[in-house]
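Biologist: Hi! Could you walk me through this one? I'm new to reading structures.

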Number of protein chains: 2
Amino acid sequence: MNKSKIGIIGLGTVGSGVFKTLKSFPEIEIVKIAVNNINKPRNIEGLDKALLTDNAQEIVTNPDIDIVVEVMGGVNPAFDLIKTALENGKHIVTANKEILAKHGQELFSLAEKHNKVILYEAAIAGGIPLIMPIKTILAGNRITKINAILNGTTNYILTKMDTDGVSYEDVLKEAQELGYAETDPTGDVEGFDAAYKITTLATIAFGKRVKYENVYREGITKIRKEDMAKANELGYKIKLIASAKIDENNNADVRVHPMLVLKNASLAHINYVTNAVEITGNPVGTVVLSGAGAGEFPTASSVVGDILAINSEIDKNSSILPMMHCKHDLDATPVNIDDTFNKYYISITAPNAIGVIAMIGTICANKNISLSSILQKEVFENKTADITVITERCQEKLIKEVVEELKDCTVNSIIRVAD
Amino acid sequence: MNKSKIGIIGLGTVGSGVFKTLKSFPEIEIVKIAVNNINKPRNIEGLDKALLTDNAQEIVTNPDIDIVVEVMGGVNPAFDLIKTALENGKHIVTANKEILAKHGQELFSLAEKHNKVILYEAAIAGGIPLIMPIKTILAGNRITKINAILNGTTNYILTKMDTDGVSYEDVLKEAQELGYAETDPTGDVEGFDAAYKITTLATIAFGKRVKYENVYREGITKIRKEDMAKANELGYKIKLIASAKIDENNNADVRVHPMLVLKNASLAHINYVTNAVEITGNPVGTVVLSGAGAGEFPTASSVVGDILAINSEIDKNSSILPMMHCKHDLDATPVNIDDTFNKYYISITAPNAIGVIAMIGTICANKNISLSSILQKEVFENKTADITVITERCQEKLIKEVVEELKDCTVNSIIRVAD
């Protein structure tokens, strides 16, 4: 049996889960763990304080260590540490979605140069088996489309808004109290976290480099409880969807934004902090993989899976894990969101009910936009009309023109609708 | 790049899909394809008739061939062909669930003896990535529970019975006309197909040999449209569930039978021919993998994935694919269905309504069985009472005693209920 020596950088939630899980694997020896503060009290059974160091350089340059497990998060100093580790001949296992999205190309090139691998199953969807299946058993496929729920915090908030009929602000507060949302929730609720993840996932699935700066991103902070109610009435749920599509000419449309999804769609049933990834390819068709997208133990499952995969091949006289290699040299061509075609949910408040449907209908018809659903309710107190429409597929820039022409009305929300 | 030479045995639905998919992979050369009848007209683009043979021995003994792809199905002659191929130093990729369930141990031992691998992703759940993820990225887990929908034909029939409110017989006829069910549907509707699959899946997931003859099996032919309606009323769907549980003492409870599953459970949303596998392990928690469980192209995806995996490692000077190795020497201890604990849905027709609930309640109470739901409807025409109960968890043998004591009533259906 191979026996690998590893160093772990970071002993927060994920690092603790990895430490506890690795106790059952005598073939993996933990040589060193880098932490910020050696003297911080930690309630981790079996943790020998002699393993700890506050100098991560001791890990990335340690000649005894075969695999560096980076679970500290953030770009700095993780980026430099991973580079140093690769230069010192270590394999890397990381859960760092931000670093992969922003600096993946440089890191994978450096790994290739040193004939080492970087595995990162835990960085995209926690415990869900995703990257390794794509690189191995799905390797015979041309993957063309991904629709995914990749952020547990926002899915929790949207699920609670839906089931309890409460506002975004109220649920966020509760989620913060429960520890599901951070004090500064921006990274989650504005879609950054999901955007990091879909950047790398699309790159791997398409075999073309998708650049983070080309990923369109919109968060969930503007979703109103009224939108949730209307979506339900029309047969939909609202989810924060990370999506990626690539066409035969290598144009990649990659984005994160809220979407209305039909109630009978797979992703509509993914609730609270669960994540799910729907992958469409040829010949497999569509597969859906779901599970816990975060958390101490689910994430540890993926980190440990990656460690064991490297360990199983570490002594071979050949480049290891050939199927896991990340091809990324050819860039995908980005698609501007204004050029994309979507269906749209539009919620409008009109000053009065008379002729307003005719007006909206005319504005849309002039741009060749068809309406598939219309819901009008008169608000008696102030004589305004509350109108909800769902359009057929049309170009995003035309919808922006429609909104401008609706200057006499208040446009409350525009949310894209999944096909 | 490695270049493997393969021989394919069988050119039916799966074989054709494999042939068509492999056209995009120049690293895989198809040397020979064995068929029953060389002269049968086949509409397969690019198929050179010179590739065909009606003598499969030419493939399994051919010194040029590295990998034998067995997609003919059935035990004979596939079993002997695979053994001969292994003895002649070929790796095996197979979609043959029956052979793995009945003779897996012998085949895996023979493969190990000859330092070859048998991969079989397509045998369990068509295109769904399942076996390779369990053996690789989930390798850090102790898997303890599987609940799955592994047969598309029966799931189609149950879905149609549910949505259209029609009888088993009527849907079966329609499914046969559409080609979703075979002329003799026994293998599907009596649960044999699902039992083959869960035998191998449980063996792999638990790392203990589960024997096919110990798998409890019950089909869907006795499910009435009235049961579907009642289940719906009580908040459930009825699905044919293949399940497997193992405890710390190595007792494996593996079965295939219909079950009521709560409408908000993952498997309740898996409809028509889609398959799904819910895997629970530590540390990952629960993941659900779903997709097409059969069909030309989904199945080809898994067969080709296995071929590419072997190809990527075929020239290495070490035992290949170490993580894929099938540990199977230690048998799991079977659990008798009479000893298991379940909830039960029981549909009863009583000769008259007076005192019948009290009688049922007393019979159950005497055996310490609690009832969680009771639904009674008087049938006015013939003065009988139509009663549906759902019990709390209790031992199967006690439920059999309850049924015997209900001798004055007609017990229409007993269906187990998922926790």
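Modeller: Happy to! Let's start with how the copies are laid over each other: they are superposed by least squares on the C-alpha atoms of residues with pLDDT of at least 70 in both. Keep in mind that this is a predicted model.

Biologist: OK, what rotation puts chain B on chain A?

Modeller: A turn of 180° does it, with 0.0 Å of shift along the axis and an RMSD of 0.0 Å. That is how a two-fold axis relates two copies.

Biologist: Which residue of chain B comes closest to that axis?

Modeller: That's B:Leu289, whose C-alpha lies 2.3 Å from the rotation axis.

Biologist: And how many residues are in contact between the chains?

Modeller: On the chain B side there are 40, touching 41 residues of chain A. The copies meet through the same surface, because 100% of the interface residues of chain B are also interface residues in chain A.

Biologist: How much area do they bury between them?

Modeller: About 3,000 Å², with 67% of it on carbon and sulfur atoms. Helix H6 (131-135), strand S12 (285-292) and helix H12 (296-313) of chain B each give two or more residues to the side that touches chain A. H12(B) supplies the largest share, 11 residues. By type, that side of chain B has 21 nonpolar, 15 polar and 4 charged residues.

Biologist: How many salt bridges are there between the two chains?

Modeller: The count is 0. There are, however, 5 residue pairs in polar contact across the interface.

Biologist: New topic: helix H3 of chain B. Is it mostly covered or mostly open?

Modeller: Mostly covered: 8 of the 10 residues in H3(B), which spans 78-87, are buried. Among them are B:Phe79, B:Leu81, B:Ile82 and also B:Lys83.

Biologist: What covers those buried residues?

Modeller: The cover includes strand S1 (4-9), helix H2 (57-60) and helix H4 (97-113) of chain B, along with strands S4, S5 and S6. After H3(B) comes B:Gly89, with a positive phi near 80°.

Biologist: One more: where is A:Ser347 found?

Modeller: In strand S14 of chain A, residues 341-350. A:Ser347 has a relative accessible area of 1%, so it counts as buried.

Biologist: What does its side chain make a polar contact with?

Modeller: With the side chain of A:Arg224, at 3.0 Å. Beyond its sequence neighbours within four places, A:Ser347 is in contact with several residues, including A:Asp227, A:Asp386, A:Thr410 and A:Asn412.

Notes: Residues are numbered from 1 along each chain as its sequence is written. Chains are lettered from A and ligands numbered from 1 in the order in which they are written. Side-chain values use heavy atoms; hydrogens and water are left out. Contact means heavy atoms within 4.5 Å. Helices (H or I, at least four residues) and strands (E, at least two) are DSSP runs, numbered from the N terminus. Buried means under 20% relative accessible area, exposed over 50%, partly exposed in between (1.4 Å probe, protein chains only). A polar contact is a pair of N or O atoms within 3.5 Å; within protein, one must be able to donate a hydrogen and the other to accept it, and residues adjacent in sequence count only if both atoms are side-chain atoms. Buried area is the accessible area (1.4 Å probe) that two parts lose on being put together, summed over both. A salt bridge is a side-chain nitrogen of Lys or Arg within 4 Å of a carboxyl oxygen of Asp or Glu. Ala, Val, Leu, Ile, Met, Phe, Trp, Tyr, Cys and Pro count as nonpolar, Asp, Glu, Lys and Arg as charged, and the others, Gly among them, as polar.
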